[in-house]
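Visitor: I'd like a close look at just one part of this protein, the sheet, with whatever sits around it. Could you walk me through it slowly?

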Amino acid sequence: MLKRLNVSILVLALAFFAVSCANDKDQEVREAAVTAVTPQTTQPAATAANPNMVTPEQVTTPDGPTTAMTFEEMTYDFGTIDAGEKVRHVYSFTNTGDEPLVISNARGSCGCTVPQWPQEAIAPGADGEIVVEYNSKGKSGKETKTVTITANTMPAVTKLTITGTVNAAAPVGNEVQVVQ
């Protein structure tokens, strides 16, 4: 009888522990969801698994007045190039809002994708350009890279995409090198 009581107590304790852990996990999930939409001073790193994840800068309101920018195109396909070639593309946009447009940052998804953007404010109705250079050195196959633009727009972040196919570099000679 005592043995059965001890087993029952043990089963109850394990059940309580399991429910308690599940509640802790639910709390962690709730906190993670709140953190994902709460403004933060640091930006989480983008992941290859989810390049379109919502970042804090997308949910926060820029300081001061906001405006809008409209791109002629947001995706550019450079076609097929050989490894080592560089591709340069100009993304043209217009400030379609009523306030001066200020681009505070533009960054590529990797070091091979480098954007250049206007440092001065773009007046309402005026046009601007973001130049993106993609370096295919060391790349092969289908490539898709993004440029994340942060500005006084709503949402604060706009993503441009550059895509294409890179032919693998041809092997140099048929020699076999022996390392000793």
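Guide: Here is a walk through the sheet, strand by strand, followed by its surroundings. Keep in mind that this is a predicted model.

Let's get our bearings on the chain before zooming in. It has two helices and eight strands, and both helices come before the strands when you read along the sequence: α-α-β-β-β-β-β-β-β-β. Of the 180 residues, 28% are buried. Among contacts with a separation of 6 or more, 65% are between residues 24 or more positions apart.

Now the sheet itself. Four strands make it up, in the order E2-E8-E7-E4, and the sheet is open, with mixed pairing. On the edges you'll find E2 (75-82) and E4 (103-108), each of which pairs on one side only. Going from one strand to the next, the twist averages 20°. As a general reminder, strands of a sheet pair through backbone hydrogen bonds, in either the parallel or the antiparallel sense.

Start at the E2 edge. E2 and E8 run parallel, and six bridges join them. If you want a spot to click on, try Ile 81, which stands opposite Val 166 in E8. E8 itself is mostly covered, with eight of its eleven residues buried.

Next door, E8 meets E7 in the antiparallel sense, and here ten bridges join the two. One of the partnerships to look for is Lys 145 with Ile 162 in E8. These two strands also form a hairpin, with five residues joining E7 to E8. Have a look inside that loop, between E7 and E8 (157-167), since Pro 155 is found there. The peptide bond between Met 154 and Pro 155 is cis, with omega at about 5°.

Carry on to the other edge. E7 (residues 141-151) pairs with E4 through five bridges, again in the antiparallel sense. Here Ile 103 has Ala 151 in E7 as its bridge partner.

What about the disulfide? The structure holds one, and it is formed by Cys 110 and Cys 112, with 2.4 Å between their sulfur atoms. The two cysteines fall into separate classes of exposure. Cys 112 has a relative accessible area of 10%, so it counts as buried, while Cys 110, at 24%, counts as partly exposed. The cut-off for buried is under 20%.

Finally, the aromatic rings. There are two aromatic pairs in the structure. In one of them, Phe 71 and Phe 93 lie 5.4 Å centre to centre with 50° between the planes, a tilted arrangement. This pair links distant parts of the chain, as Phe 71 is in E1 (residues 69-71) and Phe 93 is in E3 (residues 86-95), 22 residues apart. Both Phe 71 and Phe 93 are buried.

The other pair brings us back to the sheet. Phe 78 and Tyr 134 have ring centres 5.3 Å apart and planes at 20°, so they count as stacked. Phe 78 belongs to edge strand E2 and Tyr 134 to E6 (residues 127-135), which puts the partners 56 residues apart in the chain. Phe 78 is buried, and Tyr 134 is buried as well.

Key. Residues are numbered from 1 along each chain as its sequence is written. This is a predicted model: local features need pLDDT of at least 70, side-chain atom pairs count only at pLDDT 80 or more; totals for chains, interfaces and linings use all residues. Side-chain values use heavy atoms; hydrogens and water are left out. Two strands pair if DSSP finds at least two bridges between them. Axes are lines fitted to C-alpha atoms, for helices over the stretch in contact, and angles run from 0 to 180 degrees between N-to-C directions. A disulfide is a pair of cysteine sulfur atoms within 2.5 Å. Buried means under 20% relative accessible area, exposed over 50%, partly exposed in between (1.4 Å probe, protein chains only). Contact means heavy atoms within 4.5 Å. Rings of Phe, Tyr and Trp (its six-membered ring) pair if their centres lie within 6.5 Å; planes under 30 degrees apart count as stacked, over 60 as edge-to-face and the rest as tilted.
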